[in-house]
Amino acid sequence: MNILLVGIGGMCGAIVRYGISVFLLNITQKPLSFFTILCINLIGCFGIGFLNGLSPGFLKPEMRMLLVTGFLGGFTTYSAFAFETFEFLNSQQFLIAFLNIAFHILGGLAAVWLGNVIARSF
């Protein structure tokens with residue numbers, strides 16, 4: 001059952017990630033992978049912080065499996081972030097690589113904290 005929950009959640013998360021990418025591409029009329037991946041990772045980090053910040057027992061283990069492991073696992077694009085950073089470093093764009101790392105890591109930590117704080121206010 002857990003495999004099915006993770007699979008359904010992951011499929012939905014990947015579809016939503018794709019939808020956001022297409023939406024941002026249509027708005028800007030140019031690919032902005034740095035901005036797109038940053039937005040998706042920050043939203044995903046916020047979601048994980050929020051769901052983990054809910055009081056114990058609020059979500060059944062099956063719902064956590066569906067939402068956290070499945071949906072948010074399929075939604076976030078951390079591997080794309082790592083590859084993009086590698087490419088910046090490989091092409092000697094060190095400042096962009098540093099900014100990419102700093103914004104994703106510090107922004108992600110801040111989003112997890114904020115999601116957790118907001119969830120605990122319920």
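Student: What share of the area the chain exposes do carbon and sulfur atoms supply?

Tutor: This is a predicted model. The chain exposes about 7700 Å². Of that area, carbon and sulfur atoms supply 76%.

Student: Which pattern does the chain follow along the sequence?

Tutor: The chain has five helices. It has zero strands. Read from start to end, the pattern is α-α-α-α-α.

Student: Among contacts between residues at least 6 apart in sequence, what percentage join residues at least 24 apart?

Tutor: The chain has 122 residues, and 30% of them count as buried. Its C-alpha trace spans about 50 × 30 × 25 Å along the principal axes. For contacts between residues at least 6 apart in sequence, the share joining residues at least 24 apart is 76%.

Student: Which helix gives the most to the nonpolar patch?

Tutor: The patch lies on the surface and is formed by Tyr-78, Ile-101, Ile-105, Leu-106 and Leu-109. Together they have about 490 Å² of accessible area. Four residues of the patch come from one helix, residues 94-120. That top contributor is helix H5.

Student: Is Leu-106 buried or exposed?

Tutor: Leu-106 lies in helix H5. Its relative accessible area is 58%. The cut-off for exposed is over 50%, so Leu-106 is exposed.

Student: Which side chain of opposite charge is nearest to Glu-84?

Tutor: Glu-84 sits in helix H4, residues 78-90. Leaving out residues up to four places away in sequence, Glu-84 touches Ser-33, Phe-34, Ile-37 and Asn-100. Glu-84 is buried yet has no salt bridge. At 12 Å away, the nearest side chain of opposite charge is Arg-17.

Notes. Residues numbered from 1 in each chain as written. Predicted model: local features only at pLDDT ≥ 70, side-chain atom pairs only at ≥ 80, totals over all residues. Heavy atoms only, no water. Helix = DSSP H or I, 4+ residues; strand = E, 2+ residues; numbered from the N terminus. Buried < 20%, exposed > 50% of the residue type's maximum accessible area, 1.4 Å probe, protein only. Lys, Arg positive; Asp, Glu negative; His and termini not counted. Salt bridge = Lys/Arg side-chain N within 4 Å of Asp/Glu carboxyl O. Contact = heavy atoms within 4.5 Å. Areas by Shrake-Rupley, 256 points an atom, 1.4 Å probe, with all protein chains shown as cover. Patch = residues over 30% accessible without salt bridge, like charges linked within 9 Å, V, L, I, M, F, W, Y side chains within 5 Å.
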